[in-house]
Amino acid sequence: MPSIGLFGGTFDPIHNGHLHIARSFADELDLESVILLPAGDPYHKTTPRTAAHHRLAMAEIAAQADSRLAVSDCDIVRQGATYTHDTVQIFHQHFPAAELWLLIGMDSLLQLHTWHRWQNLVRQCRIAAAPRPGSSLAQAPAPLQNWLAEALPQGRLHILQAEPLPISSSQIRQQLATQHTSPDIPPEVLGYIRQHQLYCHTGA
Ligand code: ATP
């Protein structure tokens, strides 16, 4: 049975931390492909973000670095709230014979109990969590404890061996606004950012 990895994120912008965990995800779980899913523009319009078409384009550029990486606009073209639960259902319909894995960072894993229909979500796919500086499984809140106690021994939750990298999109937006460069994004993505004059202002 082929295994496909799904990796959702704001990717504002996509960075070397994302690419590092996506590659580890494919390596450790022997995935046929890892599909990057940039989030859509927020339907409630409270969180400013770089326009979805730019975040999608940057993800497509970054994905060229590894033939196992692909990009889908599934979460961009959908109207209204785009819940991961629904995204996984859509991929199940498209790839009924595939086993689906969902990649999230450890900080996201610690919030999983707040996600829409999370208990159903974790029955629909397996979860891989990537180590991230500042977040550890020991901090898992009470609502996740029962699931963790079952999912870890059953292999439905896998903690990646990837080295934690202290890289975040928010830190990169700051670097780009103040220094107009960042060592933590691929040069081709930096080229796109410069061409389209993105992240020129602090707080952008
Ligand atoms: P921001 O700084 O704006 O919060 P971010 O760097 O966390 O952004 P997102 O696009 O929100 O980037 O992240 C998408 C997913 O990738 C999330 O599950 C997040 O936990 C994970 N992730 C991002 N950066 C890292 C990293 N350096 N190590 C491990 N996981 C990461």
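Biologist: What makes the pair between Asp-107 and a ligand oxygen atom a polar contact?
Modeller: An N or O atom in the Asp-107 side chain is 2.5 Å from that oxygen. A polar contact is a pair of N or O atoms within 3.5 Å, so this pair qualifies. The model is predicted: local features need pLDDT of at least 70 and side-chain atom pairs 80 or more, while totals for chains, interfaces and linings use all residues. Residues are numbered from 1 along each chain as its sequence is written, and side-chain values use heavy atoms, leaving out hydrogens and water.

Biologist: Which backbone contributes a polar atom 3.0 Å from a ligand nitrogen?
Modeller: That of Leu-165. Ser-108 uses its side chain instead, with a polar atom 2.8 Å from a ligand oxygen. The protein covers 85% of the 600 Å² of accessible area (Shrake-Rupley, 1.4 Å probe) that the ligand has on its own.

Biologist: How many residues in the shell around the ligand are charged?
Modeller: 3, beside 7 nonpolar and 10 polar. Asp, Glu, Lys and Arg count as charged, and Gly counts as polar.

Biologist: How do you know that E4 and E5 pair?
Modeller: 5 bridges join E4 to strand E5 (residues 126-130). Pairing takes at least two DSSP bridges, so these strands pair. They run parallel. Trp-101 stands opposite Arg-126 in E5.

Biologist: Why are E3 and E6 called edge strands?
Modeller: The open sheet has the order E3-E2-E1-E4-E5-E6. Strand E3 (69-71) and strand E6 (157-159) each pair on one side only. The twist averages 25 degrees from one strand to the next.

Note on methods: A polar contact is a pair of N or O atoms within 3.5 Å; within protein, one must be able to donate a hydrogen and the other to accept it, and residues adjacent in sequence count only if both atoms are side-chain atoms. Helices (H or I, at least four residues) and strands (E, at least two) are DSSP runs, numbered from the N terminus. Axes are lines fitted to C-alpha atoms, for helices over the stretch in contact, and angles run from 0 to 180 degrees between N-to-C directions.
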